[in-house]
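Here is a short set of exercises to work through with the model open beside you. Try each task before reading its solution.

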Amino acid sequence: MIRKISVTFGSEAILEQIMKKYPERHMALFAAANNAHGMQLVDYSGEDSVFTSPVVYEVKAHAGNDDWEHYISYIEISPSKDQRQILDAQVSNFMSNPDTPTGMTGVYYLTAEGNSDSRILLTLWKQQYDCMKWEQSEQHDFVSYQTFKNDFSANYHEIGYQRVQPKA
């Protein structure tokens, strides 16, 4: 199992240069969805980061397949200690449930390196539409903004990225 995932941000040209410099690494280039700006390069090799300014996530749990070919979604929350314990149990139940949302190929439960209180649910999808349908379903409620909106310390953030094929 992958123990860490590294991410860096930048222009498409710079990120493609990094990919060419490290062809042996498992990397995927993504563009922010929903009219947000930005590109990110994800190194899911599990090895120490080769990025100059990485965001490093430690993998707490993984379920499903490593299909980084389409769409990914991050939900990051920094809940209180009590909410963290509840969230950890709910994520465990979600990840062990064989009835996964349509189009979801994999899910990672992460913490930010150096911040063990943070919780990140990284989901891998066949297409953005499937993720959007899940976000509107009851199956998503445990990790929705509505669940954490009254906890002012929760720092809830959600964003999705579409896979981009590097230029030849």
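**Exercise 1. Which residues form one aromatic cluster with W134?**

Solution. The model is a predicted one, in which local features need pLDDT of at least 70, side-chain atom pairs count only at pLDDT 80 or more, and totals for chains, interfaces and linings use all residues. Residues are numbered from 1 along each chain as its sequence is written, and side-chain values use heavy atoms, with hydrogens and water left out.

Step 1: take the rings of Phe, Tyr and Trp (for Trp the six-membered ring) and pair those whose centres lie within 6.5 Å; planes under 30 degrees apart are stacked, over 60 edge-to-face, and the rest tilted.

Step 2: collect the cluster. W134 is joined there by F94, W125 and F142.

**Exercise 2. Find the order in which the strands close into a barrel.**

Solution. Step 1: assign the elements. Helices (H or I, at least four residues) and strands (E, at least two) are DSSP runs, numbered from the N terminus. Two strands pair if DSSP finds at least two bridges between them.

Step 2: start at β1, residues 4-10. Four bridges connect β1 with β4 (residues 55-64) in antiparallel fashion, and I5 faces Y57 across this pairing. With β3, β1 makes five bridges, again antiparallel, and here V7 lies opposite V42.

Step 3: continue from β4. Seven bridges tie β4 to β6 (residues 104-112), also antiparallel, with Y57 opposite A112.

Step 4: close the circle. The eight strands follow the order β1-β3-β2-β8-β5-β7-β6-β4, with antiparallel pairing. From one strand to the next the twist averages 35°, with axes as lines fitted to C-alpha atoms (for helices over the stretch in contact) and angles running from 0 to 180 degrees between N-to-C directions.

**Exercise 3. How many aromatic pairs are there, and what is the geometry of the one between Y57 and Y74?**

Solution. Step 1: count. The ring criterion gives nine aromatic pairs.

Step 2: look at Y57 and Y74. Their centres are 6.1 Å apart and their planes meet at 40°, a tilted pair. The pair links distant parts of the chain, with Y57 in β4 and Y74 in β5 (residues 71-77), 17 residues apart.

Step 3: check burial (buried is under 20% relative accessible area, exposed over 50%, partly exposed in between, with a 1.4 Å probe and protein chains only). Y57 is buried at 8%, and Y74 is buried too, at 7%.

Step 4: compare with W68 and Y108. This pair is tilted because its planes stand at 35°, with the centres 5.8 Å apart. W68 sits in the loop between β4 and β5 and Y108 in β6, 40 residues apart, so this pair also links distant parts of the chain. Both W68 and Y108 are buried.

**Exercise 4. Which residues of helix α1 are buried, and which exposed residues lie on the face turned away from them?**

Solution. Step 1: list the buried residues. In α1 (residues 12-21) they are L15, E16 and M19.

Step 2: find their directions. They lie on the same side of α1 because they cover an arc of only 100° around the axis (taken from the directions from the helix axis to the C-beta atoms).

Step 3: turn the helix round. Q17, K20 and K21 are the exposed residues on the face away from the buried side.

Step 4: see what the buried residues meet. They pack against β1, β2 (27-32) and β3 (39-43), where contact means heavy atoms within 4.5 Å.

**Exercise 5. Which residues have the most contacts inside the largest nonpolar core?**

Solution. Step 1: build the cores. A nonpolar core is a set of buried Ala, Val, Leu, Ile, Met, Phe, Trp, Tyr and Cys residues joined through side-chain atoms within 4.5 Å.

Step 2: pick out the largest. It has 21 residues, and I77, L121 and W134 have the most contacts inside it. Two or more residues come from each of β5, α2 (81-96), β6, β7 (115-125) and α3 (128-135), and α2 gives the most, with four.

Step 3: inspect W134. Beyond its neighbours within four places in sequence, its contacts include I75, F94, P101, M104 and L121.

Step 4: note the second core. This separate set of 20 residues includes V7, W68, L110 and Y161.
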